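I set out to record what could be looked up in this structure, entry by entry. The notes run from the overall fold to single residues and then to the pocket.

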Amino acid sequence: MVFSEMMRKPSAYLLVGACCTILVNIVLIAGDALGLPYLVSCAVCLFGVGAVGYVSHSRWTFRRPLSWTAYGRFVLGMSSSTSIVVLALFVGVTLLHYPVSLVSPIITALMIVWNFLCARWAIERKAIFRRI
């Protein structure tokens, strides 16, 4: 694999991820402004923004065909992120008494790696911890 091809995936992933992060924030803020429960907004994010992320990653980041099976794996991987974030915040902030301003950026950095590995597994169907 040539160097430019190796670098395309992480840089494309970060660009798509940044766009999805912006969309998630728009959905959450708009949902709150409309009085929707957070759970409803989170479901819209998972399935609506998740669909945008899946299509973008499949076509551009990993250059793979779309499939319902891969989409299901993608949603499963992305939904695991929510549980990890809540658990990490609980441990870092509640149990260890670190400030959110310290814990949140660390979690964000770790979640970028986790979500990349989950997306790669979902779309390319490769083992998560083999050749990144």
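The entries below follow the order in which I consulted the structure.

**Entry 1. Fold**

I noted at the outset that the model is predicted. I counted four helices and zero strands in the chain. Read along the sequence, the order of elements is α-α-α-α. I then looked up burial for the chain of 132 residues and found that 30% of them are buried. For contacts between residues at least 6 apart in sequence, I recorded that 61% join residues at least 24 apart.

**Entry 2. Helix α3**

I examined α3, which covers residues 68-95 and has 28 residues. From its first C-alpha to its last, α3 reaches 40 Å, close to the 40 Å expected at 1.5 Å a residue. I listed its buried residues as A70, Y71, R73, F74, V75, G77, M78, S81 and G92. I asked which helices these buried residues pack against. I found them to be α2 (38-61) and α4 (100-124).

I kept a general point beside this list: an α-helix has 3.6 residues a turn, so residues three or four places apart point the same way.

**Entry 3. Positive phi in the loops**

I checked the backbone next, bearing in mind that most residues other than glycine have a negative phi. R63 has a phi near 50°, a positive value in a residue other than glycine. I placed R63 in the loop between α2 and α3. H97 also carries a positive phi, near 60°, and is found in the loop between α3 and α4. H97 comes just after α3.

Is H97 buried or exposed? I noted that H97 has a relative accessible area of 65% and therefore counts as exposed, the cut-off being over 50%.

**Entry 4. H57**

I turned to H57, which lies in helix α2. Its relative accessibility is 3%, so H57 counts as buried; the limit for that label is under 20%. I found a polar contact of 2.9 Å between the side chains of H57 and T61. Leaving aside neighbours within four places in sequence, I listed the contacts of H57 as Y13, V16, G17, F62, R63, F74 and I123. Of these, R63 is the loop residue with the positive phi from the previous entry, and F74 is one of the buried residues of α3.

**Entry 5. A119**

I looked up A119 in helix α4. A119 is buried because its relative accessibility is 0%. With neighbours within four places in sequence set aside, A119 is in contact with Y13, F62, F74, M78 and E124. Y13, F62 and F74 also appear among the contacts of H57. I recorded the separation of A119 and Y13 as 106 residues in sequence and 9.1 Å in space, C-alpha to C-alpha.

**Entry 6. The largest pocket**

I last examined the largest pocket, whose volume is about 1100 Å³. It is lined by 29 residues, and the closest to its centre are T21, V24, S81, T82 and N115. S81 is also on the list of buried residues of α3. The elements that give two or more residues to the lining are α1 (3-33), α2, α3 and α4.

Which element gives the largest share of the lining? I found that α1 does, with nine residues. By residue class, I recorded 17 nonpolar, 12 polar and no charged residues in the lining.

Notes
Residues are numbered from 1 along each chain as its sequence is written. This is a predicted model: local features need pLDDT of at least 70, side-chain atom pairs count only at pLDDT 80 or more; totals for chains, interfaces and linings use all residues. Side-chain values use heavy atoms; hydrogens and water are left out. The expected span of a helix is 1.5 Å times one less than its number of residues. Buried means under 20% relative accessible area, exposed over 50%, partly exposed in between (1.4 Å probe, protein chains only). Contact means heavy atoms within 4.5 Å. A polar contact is a pair of N or O atoms within 3.5 Å; within protein, one must be able to donate a hydrogen and the other to accept it, and residues adjacent in sequence count only if both atoms are side-chain atoms. On a 1 Å grid over the protein atoms alone, a cavity is a set of points where a 1.4 Å probe fits but cannot get out, and a pocket is an open set with protein on both sides within 12 Å along at least five of seven lines; lining residues have an atom within 4 Å of a point. Grid points are joined across faces, edges and corners, and a volume is the space filled by probe spheres set on the points. Ala, Val, Leu, Ile, Met, Phe, Trp, Tyr, Cys and Pro count as nonpolar, Asp, Glu, Lys and Arg as charged, and the others, Gly among them, as polar.
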